[in-house]
Amino acid sequence: MVPGGAGNDLLDRYVALELVHATEAAAISAQRWIGGGDKNSADAAAVDAMREYLSTVDIAGRVVIGEGEKDAAPMLFNGELVGTGRGPALDIAVDPIDGTTLTAAGRPNALCVIAVSGRDTMLDASATFYMDKIVTDAAGRGVVHMDNTVAANVQALANAKGKPVNQIQVAVLDRPRHKALIDEIRSSGAITLLIPDGDVAAGINAAREGSAVDMALGVGGSPEGVLTACAVKALGGYMQVRLHRPDPLDGEAAGLSRIWEAEDLVQGPNALFIATGLTDGDLLRGVQRRGDRVRTESLILSSGTRTMRRVQSDHTTGRPST
């Protein structure tokens, strides 16, 4: 049993299915904003729908990684209590849309995401908005390390996987801060996969055995890092991060010394990661609307049972699409 009395069976059989409804509601509500160029309206629609559904779920939830800290939103903020107050006591991490810019531009890989673990098991990373990370599947455990050079990590992972270096694919956010990192990846001989947004999806793909993505590198949001850690634990992958704190003098993110692994970010054996596709992507199909019917595809990852489930749902909205 994890803190709050949430055992593996309870999390899998009840909480997981209830939280899928919450991510589905967020995706369906935000779908009308895909490609509309207004990421704030898309995010607001997802937040409203997710919070409304969470209020009906029999959990005693406390938001540890919330929308409010990141985007100064008035709802789903850090410390907010969600659920009916009955049922298991849980820490909750939410990202109503991982990839608001992707959504606004109509690009792939936007997700609506929730992760939960037992009460007092999830790192509150609100004081450090960024994490420098490395994520691989199980082959990277004991093989890659943040203190190694990029070239050394790429070579070591290639050896562990029995692949030539020029077949190792490394996902990294396409940001100016990553210029030197991207140069290092290319100099190592690996393939660079530049992603415009969608940090969580990149980490999950890196942790999935058999995925085309072998490694995810670079500095991303700490909320996304904790969410990714829940998925990595369930997938049996490997993850290391360093927290970054913005320097008040120049605004640059300064790396802290400690190296954290997924098990440090989310402690205990029980964590759930739930995502519903908003736009089509490598991981999940996006929301598909046909008249008054909507189809969603979701993913449930459980570290307690080491299972990965895909859920396809057909919803009747009662009104035609506009």
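Let's start with disulfides: in this predicted model, the count comes to 0. For those of you wondering about individual cysteines, here are two. Cys112 is buried, with a relative accessible area of 0%. Cys230 is buried as well, and its relative accessible area is likewise given as 0%.

Cys230 leads me to the next topic, the nonpolar cores. As background, in soluble globular proteins nonpolar side chains tend to be buried together. Here, the largest nonpolar core has 43 residues. Which residues have the most contacts inside it? They are Met122, Met131, Met239, Leu265, Val266 and Phe273. Helix H8, residues 222-235, gives this core its largest share, 7 residues.

Let me stop at Val266 for a moment. Setting aside neighbours within four places in sequence, Val266 is in contact with Cys230, the cysteine I just mentioned, and also with Val226, Ala229 and Lys233. The remaining partners of Val266 are Ser117, Thr121, Met122 and Ala271. Apart from the largest core lies another one, of 34 residues, and its members include Val63, Ala110, Val116 and Ile274.

Now please turn to helix H5, residues 150-161. How far apart should its ends be? At 1.5 Å a residue, its 12 residues should span 16 Å, and the end C-alpha atoms are indeed 16 Å apart, so the two agree. Which residues of H5 are buried? Val150, Asn153, Val154, Leu157 and Ala158 are. These residues cover an arc of only 130° around the axis, and therefore they sit on the same side of H5.

And what does that buried set pack against? There are four elements to look for: strand S5 (130-136), strand S6 (169-173), helix H6 (179-188) and strand S8 (215-221). Just after H5 comes Gly162, and its phi is positive, near 70°.

One last stop, for anyone who likes histidines: His315, in strand S15, residues 307-316. Is His315 buried or exposed? Its relative accessibility is 18%, and the cut-off for buried is under 20%, so His315 counts as buried. The His315 side chain makes a polar contact with the side chain of Thr296, at 2.9 Å. Beyond Thr296, and again leaving aside neighbours within four places in sequence, His315 is in contact with Glu24, Ile28, Asp292, Arg293 and Val294.

That's my tour, folks. Thanks for listening, and I'm happy to go back to any of these spots on the screen.

Methods. Residues are numbered from 1 along each chain as its sequence is written. This is a predicted model: local features need pLDDT of at least 70, side-chain atom pairs count only at pLDDT 80 or more; totals for chains, interfaces and linings use all residues. Side-chain values use heavy atoms; hydrogens and water are left out. Helices (H or I, at least four residues) and strands (E, at least two) are DSSP runs, numbered from the N terminus. The expected span of a helix is 1.5 Å times one less than its number of residues. Buried means under 20% relative accessible area, exposed over 50%, partly exposed in between (1.4 Å probe, protein chains only). The arc is that of the directions from the helix axis to the C-beta atoms. Contact means heavy atoms within 4.5 Å. A disulfide is a pair of cysteine sulfur atoms within 2.5 Å. A polar contact is a pair of N or O atoms within 3.5 Å; within protein, one must be able to donate a hydrogen and the other to accept it, and residues adjacent in sequence count only if both atoms are side-chain atoms. A nonpolar core is a set of buried Ala, Val, Leu, Ile, Met, Phe, Trp, Tyr and Cys residues joined through side-chain atoms within 4.5 Å.
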